Amino acid sequence: MIAIVDYGMGNLRSVEKGFKKVGIDATVTSDPKIVDNARAIVLPGVGAFRDCIKNLSDLSLTEAVVRSIGKGKPYLGICLGLQVLFSESEEFGRCRGLDIFKGKVVKFRFEEFGGKVPHMGWNNINIINRPPVLSEIPDNSFFYFVHSFYVVPEDKSIIAATTDYGVTFTSMIWKDNVFATQFHPEKSQGLGLKVLTGFGEFVKKA
Amino acid sequence: MLAKRIIPCLDVKDGRVVKGVSFINLRDAGDPVENAKYYDEQGADELIFLDITASHEKRKIILDVVMKTAEDVFMPLTVGGGIKTLDDIRDLLNAGCDKVSINTTAVKDPYFISRAAGKFGSQCIVVAIDAKRVNNNMSDATGEDWFTETALKDVILPLATGELTWAISTHGGRKMKLIDAVKWAKKMEELGAGEIMLTSMDRDGTKDGYDIELTQTISETVSIPVIASGGAGTLEHLYEGLALGKADAALAASIFHFREYTIKEAKEYLKSRGVPVRL
């Protein structure tokens, strides 16, 4: 069973329905015990980094999430679920993340490139290092994004895909059991569902 | 490269899709979930449900429509119309929609937008602006008594200006306000809106094309995305809104609903004119 971690940040229904649509058993939960016992975890979410960290902590989910990743359990982070893996965010001054990966979360600066913020809509991903969950995804495919911040990993070898929006930013990371996307597979129509299927396949083999 | 978005808009009344001319003569054009699936298959970039249900008791119907849509359609969904409280927003997001569009409530209480953005994030708060070119016929407009707060006084439209300006309207175009639409858009961005859905009430339902001056002025004023709306009747109009009006997305209703063009035809046309789209 895949646990979709509910920590009060946004629309989890789409993620749950997405897995259901492709025939994968996934349950929305905010119970740390269920997260501990799940075969894999999905951390979705949109909104503020600080609230995300606070809610995870208030619901005693931080430990369960970090422990699961440490044990080698398959992890799929979506949007905030990617950003919280890093050391810190520059949102509202500074905010500490889960520090699974060294690096920062920084904001698109409208003044620097003249584009609109949030980065909202469909953009291409350039696959740098193809993770197993993208096995069915052609390079340069369009996915749906909605975010104002992006991650800057210190270890460039974890970058799985990049996207251009004024800057070239990391739109997906992959290391061992950890996959995390800045885009929203659950909002990216057929191709997005293929990413969820890809994660389901990885979980089966793990 | 970020693609320009094509967004079909479905007017939903009592759970059924309707779309008429200038909000008055409504024609029934089917079931919302079936429409949503149709547009999903065609490759629409997002979908908007505009709930025009009048009676308060029937307002729960839209939640059911959203839930059913989210079972089958995996694309961004916005719902607008009649949103008055933070609970209304929460209910819609929990039902499976991604963004809500707010007009009248923002005009009544601009800080509602800050509270909504603070609670749910700017990315899901769209402010809908219905703008109308200002002529001398503003006698029935209201607004001076609003915005006693100094911070908001500068959005009140000064009368007798020689410059081209737009005022905003609420309640589906029935009420005019003495508020400068361009300044209002900027103010909404400052208060936390994540996107502006901009409708020209002069063009809405006319099929004469978007108000390009309005669209361009507001697109260049704010640093959040702008959806052009009101007046699209041809594919050329979509091109004008995106390329000349500098909008990030083009909303259209009847040209898609009555199958005059498919989304794919629209995107192929735009691509041939050099507009980045997702095909």
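This passage describes the interface between chain A and chain B of a predicted model, followed by two helix packings, one within each chain.

The interface between the chains is considered first. Chain B contributes 35 residues to the contact, and chain A contributes 30 residues. Together the two chains bury about 2,600 Å², of which 54% lies on carbon and sulfur atoms. Between chain B and chain A, 20 residue pairs are in polar contact, counting pairs with both residues at pLDDT 80 or more. The side of chain B that touches chain A draws at least two residues from each of the helices α2 (61-72) and α3 (86-95) of chain B. Of the elements on this side, α2(B) gives the most, with 4 residues. By residue class, the side of chain B that touches chain A comprises 17 nonpolar, 7 polar and 11 charged residues.

Charged pairs also occur across the interface, where 5 salt bridges are found between chain B and chain A. One of the salt bridges joins B:Asp248 to A:Lys116. In this pair, the closest N and O atoms are 3.2 Å apart.

The helices α2(B) and α3(B), which supply residues to the interface, also pack against each other within chain B. Their axes come within 8 Å and cross at roughly 25 degrees. Angles under 35 degrees count as roughly parallel, and α2(B) is therefore roughly parallel to α3(B). On the α2(B) side, the contact is made by B:Ile62, B:Leu63, B:Val66, B:Met67 and B:Ala70. These residues meet B:Asp91, B:Leu92 and B:Ala95 in α3(B). The residues of this contact divide into 7 nonpolar and 1 charged, with no polar residue.

In chain A, helix α1 (residues 13-21) packs with helix α7 (residues 189-205) at an angle of about 75 degrees. The axes of these two helices of chain A are 9 Å apart. Angles from 65 to 115 degrees count as roughly perpendicular, so α1(A) is roughly perpendicular to α7(A). From α1(A), the residues A:Val15, A:Gly18, A:Phe19 and A:Lys21 take part in the contact. Their partners in α7(A) are A:Leu193, A:Leu196 and A:Phe199. The contact of α1(A) with α7(A) consists of 5 nonpolar residues, 1 polar residue and 1 charged residue.

How values were computed: Residues numbered from 1 in each chain as written. Chains lettered and ligands numbered in written order. Predicted model: local features only at pLDDT ≥ 70, side-chain atom pairs only at ≥ 80, totals over all residues. Heavy atoms only, no water. Contact = heavy atoms within 4.5 Å. Buried area = accessible area lost by both parts, 1.4 Å probe. Salt bridge = Lys/Arg side-chain N within 4 Å of Asp/Glu carboxyl O. Polar contact = N/O pair within 3.5 Å; in protein donor to acceptor, adjacent residues only side chain to side chain. Nonpolar A, V, L, I, M, F, W, Y, C, P; charged D, E, K, R; others polar. Axes fitted to C-alpha atoms, helices over the stretch in contact; angles between N-to-C directions. Parallel < 35°, antiparallel > 145°, perpendicular 65-115°, else oblique.
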